[in-house]
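Let's take a walk through this one, starting on the inside and working outwards to the charged side chains. Keep the viewer open as you read.

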Amino acid sequence: MRWNLELQRVRSAIVGYTFAVACVAIALGLALPLQYYQFRDVEVPLLTLAIAITTWYAGNGPAVVAILLSAVCFDYFFTEPLYSLEISTRDLPYFFIFALWGLIIAVFSAVRRRIEDSLRQAQEELAERAVELEAANKELEAFAYSVSHDLRAPLRHVAGYAELLQKQASSLLDDKSRHYMKTILESAKRMGDLIDDLLSFSRIGRAEANKAVVNLEQLVAQVVAELGQQTSGREIAWKIGPLPVCHGDRSMLKVVVVNLLSNAVKFTRIRPRAEIEIGCADRRENQVELFVRDNGAGFDMQYVNKLFGVFQRLHRPEEFEGTGIGLATVQRIIHRHGGEVRAEGAIGQGATFYFSLPKV
């Protein structure tokens with residue numbers, strides 16, 4: 001093994017130094033005929049190019065050989081007296097400038113090659129980490145799905161027996177005990193909602209996207225009609241602008257629209273007259289950006305990065321119900337479509353959510 005490594009190192013060195021000699025020979029072979037046909041001062045660019053190529057492909061050792069050979073060729077063929085290694089006093093500065101220039105080119109090429117090698121290595125490591133992260137995310141999704149699924153059965157038992165106990169022993173319980181039972185049932189329901197939302201969130205990452213042409217105007221109109229049945233008695237002013245046709249999975253995009261419009265309905269509950277607007281904000285070369293704007297409770301922009309995290313909520317549960325999964329689901333779906341999600345808002349002044357989708 002060690003002998004093979006030494007042999008390989010020797011072969012590599014021989015190839016590198018041979019490459020240096022060949023580069024200088026080619027440069028000289030081009031410079032001499034050009035000089036013969038009255039093309040002046042071509043030797044310096046050609047020889048320095050040979051030095052740069054040698055440094056780039058063969059490394060520092062062969063680069064030193066290329067510099068020495070180029071200096072000798074420059075002195076022998078292109079400085080007075082010609083065809084002699086003697087350097088006249090008049091040409092001495094010119095000769096040293098050439099040698100210095102060759103050295104600078106070699107150093108520059110070596111540094112640039114080192115930087116490009118480092119960048120290439122960093123990119124390869126980044127791709128490997130991206131693959132590892134994707135695998136870890138899939139394992140985490142599978143774990144979350146499994147845990148959430150397995151939690152449903154014991155939770156149903158807790159809620160079921162608590163309801164039976166409440167019905168059968170209600171007359172025997174005092175007010176404090178009945179309050180405890182009510183708290184148990186409400187907590188079980190909330191945990192059930194969390195589990196259901198977590199399962200839905202996991203399914204989004206596992207489900208295959210069936211992309212097709214989606215008419216967003218029809219999709220939004222459908223969701224608004226469904227929400228209208230749930231918000232009877234409230235005054236909600238819907239403003240729906242012209243919406244484009246996009247390319248995506250219709251069922252997933254409906255989840256996006258349902259979550260964003262449901263949030264707008266929920267957080268405008270504090271207003272006597274809710275105002276909710278859906279429109280197209282920007283048309284880019286390959287994407288369209290849409291928005292959902294409301295005049296609801298809003299949020300503090302310093303916490304905007306928490307909005308799209310799982311179980312992250314900026315309002316107390318007693319103010320606005322929710323599990324903190326909806327916006328995380330929106331972000332996951334939009335990312336799967338190659339788009340981005342962002343939000344703007346202010347406390348008491350409403351919020352606007354933007355999301356981009358690919359054009360048809």
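Look inside this predicted model and you'll find one cavity of 30 Å³ or more. Its volume comes to about 80 Å³. What lines the largest cavity? The residues to pick out are L216, V220, L243, V257, L260, L261, I278, L290, V292 and F355. Sort that lining by character and you get 10 nonpolar residues, with no polar and no charged ones.

As for where the lining comes from, α6 (216-230), α7 (250-267) and β5 (287-294) each give at least two residues. The largest share belongs to α7, with three residues.

Now for the charged side chains. Side chains of opposite charge can pair when their charged atoms come close. How many salt bridges does the structure hold? There are seven, and a good one to begin with is R273 with E235, where the closest N and O atoms sit 3.2 Å apart. R273 is in the loop between α7 and β4 (274-283), while E235 is in the loop between α6 and β2 (236-240), so this pair ties together parts that lie 38 residues apart in sequence. Are these two buried or partly exposed? R273 has a relative accessibility of 39%, so it counts as partly exposed, and E235, with a relative accessible area of 46%, is partly exposed as well.

R273 also forms a salt bridge with E275, and here the closest N and O atoms are 3.0 Å apart. E275 is partly exposed, at a relative accessible area of 40%.

Move along to R293 and E277, whose side chains meet in a salt bridge at 3.3 Å, N to O. R293 lies in strand β5 and E277 in strand β4, so the pair ties together parts 16 residues apart in sequence. R293, at 30% relative accessibility, counts as partly exposed, and so does E277 at 22%. Going back to R273, the salt bridges with shared partners join E235, R273 and E275 into one network.

One last stop, at helix α3. This helix covers residues 60-78, 19 residues in total, and reaches 26 Å from its first C-alpha to its last. That's close to the 27 Å expected at 1.5 Å a residue. Which residues of α3 are buried? They are P62, A63, A66, I67, S70, A71, C73, F74, D75 and F78.

Definitions and conventions. Residues are numbered from 1 along each chain as its sequence is written. This is a predicted model: local features need pLDDT of at least 70, side-chain atom pairs count only at pLDDT 80 or more; totals for chains, interfaces and linings use all residues. Side-chain values use heavy atoms; hydrogens and water are left out. Helices (H or I, at least four residues) and strands (E, at least two) are DSSP runs, numbered from the N terminus. The expected span of a helix is 1.5 Å times one less than its number of residues. Buried means under 20% relative accessible area, exposed over 50%, partly exposed in between (1.4 Å probe, protein chains only). On a 1 Å grid over the protein atoms alone, a cavity is a set of points where a 1.4 Å probe fits but cannot get out, and a pocket is an open set with protein on both sides within 12 Å along at least five of seven lines; lining residues have an atom within 4 Å of a point. Grid points are joined across faces, edges and corners, and a volume is the space filled by probe spheres set on the points. Ala, Val, Leu, Ile, Met, Phe, Trp, Tyr, Cys and Pro count as nonpolar, Asp, Glu, Lys and Arg as charged, and the others, Gly among them, as polar. A salt bridge is a side-chain nitrogen of Lys or Arg within 4 Å of a carboxyl oxygen of Asp or Glu.
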